[in-house]
Amino acid sequence: ISDQKPLGCWSVKHGQLLTCPVVCNFETHEYIAVHDDKVLRIWKDEDINLDKAFKATLSAEVYRIHSLPQGGPVVLFRGGGVRTLDVLLEAPQQEIENLISDEVIRWSGAVLDGQQPVLIFTTEKDGDFFVYVQKPKLSSLHKYKLEQQESAKPLCFTAHITNQTVTLLCLYSNDSVYQVLIPLQQDNEEEEEEEEEILSKSLLLNLSVSGVVLKGTSLVVLDKDHIAVLGSLAAPGKKPTEFLTIWNTKFQTLQTSKELPLGTSGQLWCYEEKFFLIHGKLLTVIMYKCETSSLAAAVGKLKDSQTLDVSSFVNWNTLEDEELVVSFQSQEPVALKAESRMNLRSRRSTVAEQSGTLSVGQLLIKLKDASTYVLETELKQLMAKAPTPDLQATIGCVVTALTDRCKRNPKYYPQNFLQEIVETRNLSYSLCPDLMAVALEKKDMHLLQICLERFPDIPEEITYACLKAFLSMSDDHLQSIDVNLDSAICYVDVEFNDMEVKTEILENGFSAEMDQDMCDTKIPKESQSNGESCPVGLQKAALLNAVLHSAYTETFLLPHLKNLPAQQAILFLRYLYYLYVKCSEKVNTTLPGIRSPTINQIMDWMCLLLDAQFTVMVMLPEAKDLLSNLHKFVRAQVRFYSELNKIEGSLRELQRLNHLRESQTYSIEVLEII
């Protein structure tokens, strides 16, 4: 997720359908999937073709697979039967019992009781809801009936276990969260349950603040006092907007919320203090931290929430300064008057100062209108004092604060300060997403070069924008710009020496004379030297090398490269061809210098550019000689390596004889290569 790059992709055959979410087996580092309800597939990262992966056809339809870090995968069938994956793989066609008859499974979850996995699932039949608690390794099963709620039904569930008691939280359609406690029972073979035990529930939380109701769609448990609810807020006369909210169940208060204007899928996941949700077309990851629940904190939040109306509830996250991961926003709650904002901030600042130091969010708000000198001085001190766990988030907030000021004030641009931060801190694009956009706007080529070399997660759209900006700038203009030349200065020959080219024979088997002999078409002298001198200046070459080093995914970059202007595409291809020839001059195909492009990077970009611009290249007369030279050079390389392959066996035999020869004796041997 941090790199924003697909690490693997697998697909089923046409006509097949994945019928339950894919999970990871933490013990074996394998993926487990089910397609067409009954076909189980297991594979690893290195497996390319899913059709060749392990396959097992089961005797019953699978509802879900749950994977626990220590307990191993557990398979739940649509009929209510449960098996651990190990037991199931011993006999895939084993008969699976049907426990729920006409009931339909609505939700399932798995928790660990010590080292024993416990599977909980809920079913529905004729408006009644039932809860099953099963320990698959002990073949233990208990069935309960959920107490009915008048004019409301459960929408979603979540569960956790504490002291051998399962706590089931139910989000109902009446905008309330109920709690059900289920003690884990010990099996008694003599006990026969003629009818299900009815589980009573207790009201845990009403999802409303100041008369505004949150229509929840999904919830997760964060700790013993906090839950997160995803839902929509329907204000009178306004279009419903979706929110992610955190509630304190102990004191019945809303702790914080985040607006999701692009909409969600209604699903929310939580793992290792991170929320995962679909926001618009993106997978969004939001870090969170729940502080220890206290009455003072809850009452403080309650006072604030009672004085705010719907508009300020929408922008609650702008006042929650403890959330470092929420980018520092310049907008303010619409409904709050300026005086009340100042009073609220001053009150919070006073409390913070009394307790010791300002939090990051509070400091950024305080410095919002400070002078340039004060701002940069305070931010440098903030980065120096930041604790190690929060260092990355703090620096991300600092850079975001600087870019926000750049947007508000076009004359402000702390070039040296930004370059210093990027060079000395281990940042990523996702921590400061506006930085490169501002650098492009300001035409700060040096900062863009540093970001391309250091950021592992730059979107392809930004990479393309940098490439286009570099190619569009004239070499004369770039000579006046401070750019790091280490990646290009050792091999770029801007001045062309004709005598040197005439006498040079390439080490990897290519020369102009050899290429001439191989091709029927005569090459003009000027085209022979076309690849010998660098087609771009030293500064532009260094910038283009930074683009070559940037990580990308071909599928996402290709559409952008198709929009590259024809003349820029030809210039870029000429430079790639120049690099390719330079690499081939050396036996180890390695360019000298620091962060110089590798032969693989050059070839990948060359192929990518030809794929994107091939039709244009073929139609343009000025590209004809370039494509012809490139074709001849590659053909010469293929022929050279083909000849090497023919004598590979003889070379290995020679190497073997050298090992057998006594080192003290001197001899002359003649080897015939047939």
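Strand 12 (residues 154-162) and strand 13 run antiparallel, joined by eight bridges. This is a predicted model, so read the geometry here with that in mind. Pro-154 sits opposite Tyr-172 of strand 13. The two strands make a hairpin with two residues between them, and Asn-163 in that turn has a positive phi of about 50°.

Strand 13 also has a partner on its other end of the sequence: strand 14 (residues 176-183) pairs with strand 13 in the antiparallel sense, over seven bridges. Here Thr-167 has Leu-181 of strand 14 as its bridge partner. Strand 13 and strand 14 form a hairpin too, with three residues between them, and Asp-175 in the turn shows a positive phi of about 65°.

How many residues of strand 13 are buried? Seven of the eight in strand 13 (residues 165-172) are, leaving the strand mostly covered.

Now for the backbone angles. Two loop residues other than glycine also take a positive phi: Gln-252 and Lys-443. Here they are with the turn residues from the hairpins.

| Residue | Phi | Place |
|---|---|---|
| Asn-163 | about 50° | turn between strand 12 and strand 13 |
| Asp-175 | about 65° | turn between strand 13 and strand 14 |
| Gln-252 | near 60° | loop between strand 20 (241-248) and strand 21 (253-260) |
| Lys-443 | near 55° | loop between helix 9 (435-442) and helix 10 (445-454) |

Are those two loop residues buried or exposed? Gln-252 is partly exposed, at a relative accessible area of 42%, while Lys-443 counts as exposed at 55% relative accessibility.

On to the packing. Nonpolar side chains tend to be buried together in soluble globular proteins. In this model the largest nonpolar core holds 83 residues, and Met-436 and Phe-455 touch the most other members. Helix 18 (residues 566-584) supplies the largest share of this core, 13 residues. Where does the core lie? It lies between domain 1 (359-441) and domain 2 (443-493 + 534-619), because both give residues to it.

Phe-455 is worth a click in the viewer. Setting aside residues up to four places away in sequence, Phe-455 touches Val-422, Leu-427, Ser-428, Tyr-429, Cys-432, Leu-435 and Met-436. Apart from this core lies another one, of 21 residues, with Val-111, Ala-152, Tyr-172 and Leu-199 among them. Tyr-172 ties things back to the start: this member of the second core is the residue that Pro-154 stands opposite in strand 13.

Methods
Residues are numbered from 1 along each chain as its sequence is written. This is a predicted model: local features need pLDDT of at least 70, side-chain atom pairs count only at pLDDT 80 or more; totals for chains, interfaces and linings use all residues. Side-chain values use heavy atoms; hydrogens and water are left out. A nonpolar core is a set of buried Ala, Val, Leu, Ile, Met, Phe, Trp, Tyr and Cys residues joined through side-chain atoms within 4.5 Å. Buried means under 20% relative accessible area, exposed over 50%, partly exposed in between (1.4 Å probe, protein chains only). Helices (H or I, at least four residues) and strands (E, at least two) are DSSP runs, numbered from the N terminus. Domain bounds come from an automatic or database domain assignment. Contact means heavy atoms within 4.5 Å. Two strands pair if DSSP finds at least two bridges between them.
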